There are 2 protein chains.
Amino acid sequence: MDKYYTLHVAGLTRELPLCPVNEHLDIAAFVMFSDVELTIACATELNKIAPDHDVIITAESKGIPLAYEMSRQSGKKYILARKSAKLYMKAPIRVQVKSITTARIQELYIDKEDIDCLKDKRVLIVDDVISTGESLNALESLVEQAGGNTVGRMAVLAEGEAADRKDILFLEKLPLFFK
Amino acid sequence: MDKYYTLHVAGLTRELPLCPVNEHLDIAAFVMFSDVELTIACATELNKIAPDHDVIITAESKGIPLAYEMSRQSGKKYILARKSAKLYMKAPIRVQVKSITTARIQELYIDKEDIDCLKDKRVLIVDDVISTGESLNALESLVEQAGGNTVGRMAVLAEGEAADRKDILFLEKLPLFFK
């Protein structure tokens with residue numbers, strides 16, 4: 001039988017399916033794609049508690065609707081760090097990142113135009129979930145390499161031990177499910 | 001010196017950088033990420049000419065902000081076909097697709113929950129650019145496998161020969177740049 005975790009966030013309730021990572025651990029899948037109501041509500045709540053910033057950055061792909069919606073509401077530009085170098089990139093910079101949901105080393109890229117948007121700016125890093133912090137570290141490294149100043153690290157959910165971190169802002173905790 | 005193509009679309013003007021595909025061909029890079037004003041305007045214009053539909057589907061990643069914004073404006077749910085199978089997918093279906101911007105075979109996946117949203121529904125396929133039509137074909141195949149009925153194929157731009165197609169709706173033509 002499928003198991004679920006009931007999440008209350010930003011005034012909404014969602015049933016998150018539990019997915020096995022390995023024989024000892026399940027995680028609750030939090031996917032904002034397809035859920036515009038949830039994306040709008042979370043973006044509104046995150047913008048309320050966000051430190052002053054000039055630009056938002058997130059990572060492909062799960063952070064895209066959230067960063068887009070925060071940007072739409074606040075008028076602050078959002079930058080997307082991509083998982084691979086694209087044909088259209090003229091002079092990309094790159095960092096490596098280990099993702100919990102794909103279990104392999106990924107890379108993140110931003111292009112020269114994005115670097116120009118980040119340089120000497122107050123940058124807000126946003127993502128759907130902060131878990132191990134690997135993705136966050138990679139984004140922070142990109143911001144640093146681009147000459148930007150990270151002023152905030154935000155997510156809708158802080159998963160597992162990330163909920164104890166004092167250097168991030170989030171709306172709700174998300175437990176890990178040990179078997 | 002960098003070259004650009006001046007695009008007028010949805011009441012806005014943008015300078016698209018020309019990027020070499022090979023020694024004979026440049027393409028103009030149309031990237032909606034970071035450009036909320038453009039995303040909103042294009043979504044509004046596409047929604048105006050869209051056939052009646054129940055649900056929108058697009059492909060990761062470039063179509064995400066457009067599909068999200070069309071969904072936000074219209075209230076119709078959007079589905080995202082992902083480039084790889086994810087941990088959270090319980091029973092995904094898959095198709096193969098060849099992308100012009102990455103020049104290799106990619107796969108697209110949707111999960112059981114998405115399939116349930118598409119089944120017996122009027123489905124609108126949307127993307128930022130229709131070029132070779134490979135991505136469009138892959139999405140149409142996914143919709144068919146899911147038991148949905150494709151009622152429209154839309155893009156902001158139709159590139160090269162795609163502009164002569166009678167089975168797609170688009171806002172503007174985008175030339176190819178042969179050298």
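## Exercises on a predicted two-chain model

In chain B, an open sheet of five strands follows the order β5-β4-β8-β9-β10 with parallel pairing, where strands are DSSP runs (E, at least two residues; helices are H or I, at least four) numbered from the N terminus and two strands pair if DSSP finds at least two bridges between them. This is a predicted model, in which local features need pLDDT of at least 70 and side-chain atom pairs count only at pLDDT 80 or more, while totals for chains, interfaces and linings use all residues. Residues are numbered from 1 along each chain as its sequence is written, chains are lettered from A in the order in which they are written, and side-chain values use heavy atoms, with hydrogens and water left out.

**Exercise 1.** Find which strands of chain B form the edges of this sheet.

*Solution.* Begin with β5 (77-81) and β10 (169-174) of chain B, each of which pairs on one side only, and which are therefore the edge strands. Next, consider the turn between neighbouring strands, which is 25° on average with direction ignored. Then look at β4 (residues 55-59) and β8 (residues 122-130) of chain B, which run parallel and are joined by three bridges; Ile56(B) has Leu124(B) in β8(B) as its bridge partner. Finally, place helix α1 (residues 36-49) of chain B, which lies across β9 (149-159) and β10 of chain B and runs at about 130° to β10(B), the angle being taken on a scale from 0 to 180 degrees between N-to-C directions of axes fitted to C-alpha atoms, for helices over the stretch in contact.

**Exercise 2.** Describe the interface of chain A and chain B, including its salt bridges.

*Solution.* First, count the residues in contact (heavy atoms within 4.5 Å): chain A gives 38 and chain B gives 37. Second, take the buried area, the accessible area (1.4 Å probe) lost on being put together, summed over both parts; between chain A and chain B this is about 3,000 Å², with 62% from carbon and sulfur atoms. On the side of chain A, Ser34(A), Tyr68(A) and Leu87(A) lose the most area to chain B, together 23% of what that side buries. Third, apply the salt-bridge rule (a side-chain nitrogen of Lys or Arg within 4 Å of a carboxyl oxygen of Asp or Glu), which finds two across the interface. Lys83(B) forms a salt bridge with Glu60(A), their closest N and O atoms being 3.8 Å apart.

Technical notes: Buried area is the accessible area (1.4 Å probe) that two parts lose on being put together, summed over both.
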